[in-house]
Amino acid sequence: MLRFILSRLLQAVPVLLVVITVTFFLIHSVPGGPFSADRAVAPAVMKALNAQYKLDLPVWQQYTSYVGDLLTGDLGPSFKYPGRSVNEMIYAGLPNTVELGFYAMLVAVCIGVVAGVIAALKPNTKQDYIPMSLAMIGICMPSFLLGPLLVLVCGIWMDWLPVSGWGDIPGDKILPALTLGSAYAAYIARLSRGGMLEVMSQDYIRTARAKGLSEWVVVLKHGLRGGLIPVTAFLGPAFAGLLSGSFVVETIFQIPGLGRFYVQAAFNRDYTMIMGTTIFFSTAIIFFNLFSDVLATWLDPKLRQQFQGGK
Amino acid sequence: MTSAKEFDDEQGVSLWQDAWVRLQHNRLALLGMGVLIFMIVIALITPWIVPYSYEEQDLMLGAAPPSMAHWLGTDVLGRDMLTRVMYGGRVSLMVGFIATGVALLIGVVYGAVAGYVGGRVDAAMMRLVDILYALPFMIFIILLMVLFGRNMLLLFLAIGAVEWLTMARIVRGQVLSLRQQEFVEAAISIGLSPWTIIRRHIIPNTLGPVIVYTTLTIPSVMLLEAFLSFLGLGIQPPQSSWGLLISYGVETMEEYPWLLIYPGLTLSIALFALNFLGDGLRDALDPKASKD
């Protein structure tokens, strides 16, 4: 198991290096520096700016210096907001994004697993069709449509909930979390239904029933453990999806999180901020994937044995 | 030789017929197919059937709710929404199909070559896929669109380049098992070149899963395009797509909710249709894979 984790960690290194290199050279292959679009700046000022941001060096030297800084955890200064470093901005935005992602995941897992399990207990009945049709709606309703619709209905027409902001008014976190979480709730519902269906027809479930265990214990203790393996495998990609989903949701609901910063940086052509966030997001995604692989391996005895068997 | 060929043909046909029969029993999938065909036909003939021209403004009218003259209402500039949704559909569907086509082409060829050649080449090729898989592509697409301007060709390429990975994996898996089978050995023994074998014998046999996955890729590509257009990074005006219409609709949804609701509804229906059709095809063509 430890070997498995280590080997996956080692695999992550070249991936990250590719991310850093590709991003760096993509950005530097664009004609014109980040300041060339601004108002006419005196040549001396321009030169000083270029020197300050090391833009006067050859590209490969900029690259080595950037990677060098990166190893010490320094993502450099922001081009657009003088005096603020990319690190500062990430620290400022991250807690909001994490909080939003956490609530969204909570929504997704709670609703998704419950709906999926309920559907799987009586397949091909109303109890199956209704939650699964709702799940299909969740999949076909992208967050940039669902969010505004929720705002329109719950916020403006019914006036139940605040429509934007983050932590200013009680209840303003509900709509963003619902918007971001619903698509994943739908996927999780489908996966847990599929997993449960397969598990519930296995011999050991029959054995558990034959022992006279109550249906609750059979489902919750014996069924869920196997039935949720597909869900755990999905959690890694889901976290990655939550991050990109946060671009839209944070923009719609005006949440000062990383996703919104990224979109703004993209529009402002704030190159160091783009690079910093890209690297940050990539690292996070790679580690979430690793984490969910490890979790899936740990939950599935068959896979676990494979790795303990010295593979 | 002839009789063996006939036998093969019959087997091949019966697989598809079998799948068709199974698909016909799936009402949702048929409905999805019907809706999809309807949308494609409408998209193809849009320029000849639209009630108003695309840029025709009626500033006196302004944003009006749905009426007999304008079935889906008009936008702030008095442009007919039905016309705009129809033109938007052309772009959305086109992006969906072309980008999926790019993904299909790259994925199938790459996967087939990796699986057929095998050994170190396969290991190296699949390792590349693994690395690309781990890249956060959404971020890269945004980056590409920001850096190199927002042109459609780049959009097709960028989306297609993301979606081919899963296709390559699926095809490779299929090819690995196909390789072991007698008919491939037979083809090798009569001296066909590897490329001919891949083209004539391997790829046709992987069609089932490929069709299924293609059908499911189209909606995710359309979603991606809509997402980028929503952020202002995809399709640019004066061209229009459903995602772009939705993003305009959001700006004025308080006053003119129909500007958000109709494009949104259309996009959702299209995605619904494609997903149901894809699920149905998976059940019909690939009974083993239909777990959920």
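This is a walk through a predicted model, going from the make-up of chain B to the contact between the chains, the shared core and a few single residues.

Let's begin with chain B. Its secondary structure amounts to 11 helices and zero strands, and the order along the sequence is accordingly α-α-α-α-α-α-α-α-α-α-α. If you drew a box around the C-alpha atoms along the principal axes, it would come to roughly 75 × 45 × 35 Å. Of the 292 residues in this chain, 44% count as buried. The contacts reach far along the sequence: taking those between residues at least 6 apart, 70% join residues at least 24 apart.

Now bring in the partner chain. Here 38 residues of chain A are in contact with 29 residues of chain B. On the chain A side, the elements that each supply at least two residues are α1 (2-28), α5 (126-140), α6 (143-157), α7 (174-200), α10 (229-252), α11 (258-268) and α12 (271-299). By character, that side of chain A divides into 28 nonpolar, six polar and four charged residues.

Next, the nonpolar interior. The largest nonpolar core has 157 residues, and those with the most contacts inside it are I188(A), A112(B), I141(B), I142(B), I159(B), F227(B) and I246(B). Helix α3 (residues 81-117) of chain B gives the largest share of this core, 17 residues. It is worth picking out I188(A) on your screen: leaving out residues up to four places away in sequence, I188(A) touches A108(A), V109(A), G112(A), V113(A), G116(A), V231(A) and F234(A).

Two residues of chain B show what burial looks like close up. V171(B) sits in helix α6 (residues 152-179). With 29 other C-beta atoms within 10 Å, V171(B) is buried, because the cut-off is 20 or more. Beyond its neighbours within four places in sequence, V171(B) is in contact with G107(B), V108(B), G111(B), A112(B), G115(B), T206(B) and V210(B). One of these partners, A112(B), is also among the residues with the most contacts inside the largest nonpolar core.

T217(B), in helix α9 (residues 207-231) of chain B, is buried too, with 25 other C-beta atoms within 10 Å. Not counting residues up to four places away in sequence, T217(B) touches T100(B), A103(B) and E163(B). R84(B) makes a handy reference point for both residues. The C-alpha atoms of V171(B) and R84(B) are separated by 39 Å, with their positions 87 residues apart along the chain. For T217(B) and R84(B), 133 residues apart along the chain, the C-alpha separation is 25 Å.

Finally, turn to helix α9 (residues 215-227) of chain A. A straight helix of 13 residues would span 18 Å at 1.5 Å a residue, yet α9(A) spans only 15 Å between its end C-alpha atoms. Within α9(A), the buried residues include V219(A), G223(A) and G227(A). Viewed down the helix axis, the buried residues of α9(A) fall within an arc of 40°, so they line one face. The spacing has a simple background: an α-helix has 3.6 residues a turn, so residues three or four places apart point the same way. The buried residues of α9(A) pack against α4 (86-121), α7 and α8 (203-210) of chain A, while the face turned away from them carries the exposed residues L220(A) and K221(A).

Conventions:
Residues are numbered from 1 along each chain as its sequence is written. Chains are lettered from A and ligands numbered from 1 in the order in which they are written. This is a predicted model: local features need pLDDT of at least 70, side-chain atom pairs count only at pLDDT 80 or more; totals for chains, interfaces and linings use all residues. Helices (H or I, at least four residues) and strands (E, at least two) are DSSP runs, numbered from the N terminus. A residue is buried if 20 or more other C-beta atoms lie within 10 Å of its own, exposed if 12 or fewer, and partly exposed in between; C-beta atoms are placed from the backbone. Two residues are in contact if their C-beta atoms, placed from the backbone, lie within 7 Å. A nonpolar core is a set of buried Ala, Val, Leu, Ile, Met, Phe, Trp, Tyr and Cys residues joined through C-beta atoms within 7 Å. Ala, Val, Leu, Ile, Met, Phe, Trp, Tyr, Cys and Pro count as nonpolar, Asp, Glu, Lys and Arg as charged, and the others, Gly among them, as polar. The expected span of a helix is 1.5 Å times one less than its number of residues. The arc is that of the directions from the helix axis to the C-beta atoms.
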